[in-house]
Amino acid sequence: MRIAVSGSIATDHLMTFPGRFSDQLVADQLHTVSLSFLVDNLDVRRGGVAPNICFGMGQLGLRPILVGAAGEDFDEYRGWLDRHGVDTGSVRISDHLHTARFVCTTDSDHNQIGSFYTGAMSEARLIEIQHVADRVGGLDLLLIGADDPEAMLRHTEECRTRGIPFAADFSQQIARMEGDDIRTLLEGATYLFSNEYEKGLIEAKTGWTDAEILSRVGHRITTLGKNGARVEKMGHPTIEVGCAQEEAKADPTGVGDAFRAGFLAGLSWGVSLERAAQVGCMLATLVIETVGTQEYTLARHHFLERFTKAYGHDAAVEVQAHLPA
């Protein structure tokens, strides 16, 4: 399968302040705050939902197509993704905006002051999906992840018009979207991804019941945190898959993206939906054990050993045939 993933491309700039923000605030001067914090550490991490998903698929031996907008400062990030199996040829480079970034300072009490710069992400709405499809010889599936809202709507409408199967994955953008937009984005999706909280929010904002939403999409995949994932299809038994046991819990950021990467890899391999969900859960477990969304490595023997323990010998044998050496 030729699978493309559209969504935000960003970097995170994370700093730590050894004191407390509250100690620097003067109660009767809050209307005119002017502060500068001398920080101890700066951690720059690669991020954005689309690169996170593509990186995971690359770790599993696929070559996903990244679709999104970045700035001229994207060269180093592009090199990293290229080395890890991602096709970056369809990334739009802005000639005047920087790549989106999140800048955040955390104090000793774990309070945070952060800013998100949208930057080049706003130009994702200018990307024509047909041009992407023509470049790679056609698309079997486009996952439309959290991005510039106008880009998400445009990509969805284009997929419907051109008959390109798509997966709807609103994630962080669902909070700012109204019911009409959410209804537009999910109608006719081959796959609808969300976590359990987002699932309830989708139903509340659209006014549609669980059954009504399920009748409008091919499959509904809901991640359940430590309890794994659920896959539903109208008229078929529900599939529920548990998580592999964690060896540690370092950082939950990017776990949902890793699940999607594993699930899409399973689809590409042609295994069952249950097996695809198991691969997604296994990859998500690797990510939660690592600080950073793209800092984990997939060692084939270790992956299979843990996969066998979690899901059984037969499941591991089926997946083994598809894993890269």
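**Exercise 1. Determine what share of the contacts between residues at least 6 apart in sequence joins residues at least 24 apart, and describe the overall dimensions of the protein.**

*Solution.* Among contacts in the protein (heavy atoms within 4.5 Å) between residues at least 6 apart in sequence, 66% join residues at least 24 apart. The model is a predicted one: local features need pLDDT of at least 70, side-chain atom pairs count only at pLDDT 80 or more, and totals for chains, interfaces and linings use all residues. Residues are numbered from 1 along each chain as its sequence is written, and side-chain values use heavy atoms, with hydrogens and water left out.

Next, the secondary structure consists of 11 helices and 13 strands; these are DSSP runs numbered from the N terminus, with helices (H or I) of at least four residues and strands (E) of at least two. The radius of gyration is 20 Å, close to the 20 Å of the globule rule for 325 residues, so the protein is as compact as a globular protein of that length. Here the radius is taken over C-alpha atoms, and the rule is 2.2 Å times the number of residues to the power 0.38. Finally, the C-alpha trace spans about 60 × 45 × 40 Å along its principal axes.

**Exercise 2. Establish what percentage of the 325 residues is buried, and which residues touch the most other members of the largest nonpolar core.**

*Solution.* Of the 325 residues, 51% count as buried, where buried means under 20% relative accessible area, exposed over 50% and partly exposed in between (1.4 Å probe, protein chains only). A nonpolar core is a set of buried Ala, Val, Leu, Ile, Met, Phe, Trp, Tyr and Cys residues joined through side-chain atoms within 4.5 Å. The largest such core has 56 residues, of which Leu 60, Phe 263 and Phe 303 touch the most other members. Helix H9 (residues 273-288) supplies the largest share of this core, 9 residues. Apart from it lies another core of 32 residues, among them Ile 164, Ala 168, Ile 182 and Ile 202.

For Phe 263, residues up to four places away in sequence are not counted; the residues touched then include Tyr 191, Phe 193, Ile 221 and Val 231. Leu 273, Ala 276, Ala 277 and Gly 280 are also touched by Phe 263.

**Exercise 3. State how many residues of helix H1 are buried, and examine the residue just after H1.**

*Solution.* In helix H1 (residues 49-59), 11 of the 11 residues are buried, so the helix is largely enclosed by the rest of the structure. Among them are Asn 52 and Gln 59. Just after H1, Gly 61 takes a positive phi of about 95°.

**Exercise 4. Classify Met 15, Ser 171 and Val 291 as buried, partly exposed or exposed, and locate each one.**

*Solution.* Met 15 belongs to strand E2 (residues 10-16) and is buried, at 17% relative accessible area. Leaving aside neighbours within four places in sequence, Met 15 is in contact with residues including Val 39, Leu 42, Val 103 and Cys 104.

Ser 171 occupies the loop between strand E9 (166-168) and helix H5 (179-186). With 13% relative accessibility, Ser 171 is buried; its phi is near 35°, a positive value in a residue other than glycine.

Val 291 lies in the loop between H9 and helix H10 (300-311) and is partly exposed, at 44%. Beyond neighbours within four places in sequence, Val 291 is in contact with Arg 45, Ala 250 and Asp 251. Val 291 and Thr 253 are 38 residues apart in sequence and 8.0 Å apart in space, C-alpha to C-alpha.
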